[in-house]
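Look at the sequence and the model below. The report starts with one loop residue and works outward to the two chains and their contact.

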Amino acid sequence: MDAGDGGVNAFSQAIVYLNDPYNWTRPNGILDLLVEHVRISVLAVVLGALVALPLGIVLGVSGRGGGAIVVLSNVSRAVPTLALLTIFAVTPLGFSEASTVLALALFAVPPMLTNTFVGFREVDRDVREAARAMGMARRQVIAKVEFPLAVPLIMTGVRTAAVQVVATATLAALVGGGGLGRIINLGFGQQDYGQIIAGALLVAGLALLTEALLVVLSAALTPGPQRFSLPRPWRRQRGAPLDTGASAVPL
Amino acid sequence: MLSAAGDVLAADAAPNPWFDVHYVIDNWDTILGYTAQHVRLTVGAVVLGALIALPLALLARRTRLLSGPVLSLSSIIYTIPSLAMFSFLAPFTGPLSATTVLIGLTLYTLVILVRNFLTGLQSVPADVREAARGMGYGSARLFVQVDLPLALPAFMAGLRIATVSTVALTTVGVITGNGGLGQLIIGGFNANFYRAEIVTGALGCVVLALVADLLLAGAQRLLTPWTRGTAA
């Protein structure tokens, strides 16, 4: 088949695939897989956040562990997600949603940890001092002054982690897991371009939607007037004391 | 753990260690072959990405009008999952071809590098460039002798991030059968969950990423001797 022709055909076949209601509603159809994908992703992000946010706050407030966090985020960049997904699938946990969720949660930790840490570290020393001088207790300073100021960066971490988890949950299908990646995997197995592209459109759409939703959510959660400013590419806006490049990794 | 030899039944699970030196020795050629493919894809993607990113970054610096779209387009490419990216390319470049993987990986390195190159170029102080131009530097000489040395740390940082994350990402190429060491990961999975093969592939990726990072860090030290001078 002519390659260029195949490309255009594939997209029209994908539209046909996506237009067939049966493909959506049948058991293990798009809707089932979508629900599964979202469930796995939400569980992984929540699990990761339960570890990363408290740890990030404790380390950020005390200002310790910066070096360890940098090492962690660098090493996590070098470990392929596919490897971890596969390794978890061959542990006694076996192919279960639990092993996928655990593997993805592990990858959700570094971006949230790094950004939470940096968020607390970056709070202006003068502001902290002023709050103390006004008679606030240490705990009040953390809850009422430092935390609100750290929220934008914490949310950047959550957004990065969530988009990464949604994207990498796709890979679970390569090792017998569920989620929307199955459509792509099946498409490659059957050399069915239409199905491949349909799966890719769904996965990419879900990732972009996640990003957009979390941008809105973090704008809503950010206190103060700056909340309505559009998010700038994060790399430029933060003169962070650490290189937090972990948040900027393709998935 | 293996129990005493006496009570291992034929029906029992065969030993499935997490790592096996014999596996590595017996399959050395295969491992080497996949490693070579992994290196080829990574180096290819980073070099191609850099060659495309540099002119883009230079253009984007020139006009604010361009830097906005370049940066937002690159955020969108970031967000597209790699498996989807390879899928979009497959009908055009073939579902079983390494070109699909190479182009996909290049797009990601391109995105990382454009940002870092642009950050580096923007960090060159305007008055330094002004002074060089006043001294009669042409634009090519200005780039090579002023911009490049001053932006080099940011350039190298970008290359390191791009290389390390490409090493990890190449594994997803298994969907096309061209995943470098990823082939071992999936191969072991498909060979009745053979852990030694899976772990060898995974460790290989990590080692490859660390070696690449060290090499680039070394290159950076060699290329920017003046930064060492100030540190000492």
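A:Gln191 sits in the loop between α9 and α10 of chain A. Helices here are DSSP runs of H or I with at least four residues, strands are runs of E with at least two, and both are numbered from the N terminus. This is a predicted model, in which local features need pLDDT of at least 70, side-chain atom pairs count only at pLDDT 80 or more, and totals for chains, interfaces and linings use all residues. Residues are numbered from 1 along each chain as its sequence is written, while chains are lettered from A and ligands numbered from 1 in the order in which they are written.

## Loop residues with positive phi

A:Gln191 is not a glycine, yet its phi is positive, at about 55 degrees. Is A:Gln191 buried or exposed? A:Gln191 is exposed, because 11 other C-beta atoms lie within 10 Å. The cut-offs are these: a residue is buried with 20 or more other C-beta atoms within 10 Å of its own, exposed with 12 or fewer, and partly exposed in between, with C-beta atoms placed from the backbone.

A:Asn28 also has a positive phi, about 60 degrees, although it is not a glycine. A:Asn28 belongs to the loop between α2 (21–25) and α3 (30–62) of chain A. With 11 other C-beta atoms within 10 Å, A:Asn28 is exposed. In chain B, B:Asn192 follows α8(B), and its phi is positive, near 55 degrees.

One helix residue gives another exposure class. A:Leu208 is found in helix α10 of chain A. A:Leu208 counts as partly exposed because it has 15 C-beta neighbours inside 10 Å. A:Leu208 and A:Ser99 are 109 residues apart in sequence, and their C-alpha atoms are 25 Å apart in space.

## The two chains

Chain A has zero strands, and so has chain B. The table sets out some values for each chain.

| Chain | Helices | Buried residues | Share of contacts (separation 6 or more) between residues 24 or more positions apart |
|---|---|---|---|
| Chain A | 11 helices | 46% of 251 residues | 75% |
| Chain B | 10 helices | 43% of 232 residues | 70% |

Two residues are in contact if their C-beta atoms, placed from the backbone, lie within 7 Å.

How spread out is chain B? Its radius of gyration is 23 Å, well over the 17 Å that the globule rule gives for 232 residues, so chain B is more spread out than a compact globule. The radius is taken over C-alpha atoms, and the rule is 2.2 Å times the number of residues to the power 0.38. Along the principal axes, the C-alpha atoms of chain B fill a box of roughly 85 × 50 × 25 Å.

## Where the chains touch

The contact takes 41 residues from chain A and 43 residues from chain B. On the chain A side, α10(A) gives the most, with 10 residues. By class, this side of chain A has 29 nonpolar, eight polar and four charged residues. Ala, Val, Leu, Ile, Met, Phe, Trp, Tyr, Cys and Pro count as nonpolar, Asp, Glu, Lys and Arg as charged, and the others, Gly among them, as polar.

Helix α8 (residues 182–190) of chain B is mostly covered, with eight of its nine residues buried. Among the buried ones are B:Leu184, B:Ile185 and B:Phe189. The cover includes α5 of chain A, together with α2 (28–62), α7 (139–170) and α9 (195–223) of chain B.

## The nonpolar core

A nonpolar core is a set of buried Ala, Val, Leu, Ile, Met, Phe, Trp, Tyr and Cys residues joined through C-beta atoms within 7 Å. The largest one has 122 residues. Those with the most contacts inside this core are A:Leu85, A:Leu104, A:Ala108, A:Val165, A:Val203 and B:Ile185. Helix α5 (residues 98–122) of chain B gives the most to this core, with 13 residues.

Which residues does A:Val165 touch, not counting residues up to four places away in sequence? They are A:Ser41, A:Ala44, A:Val45, A:Leu104, A:Phe107 and A:Ala108.
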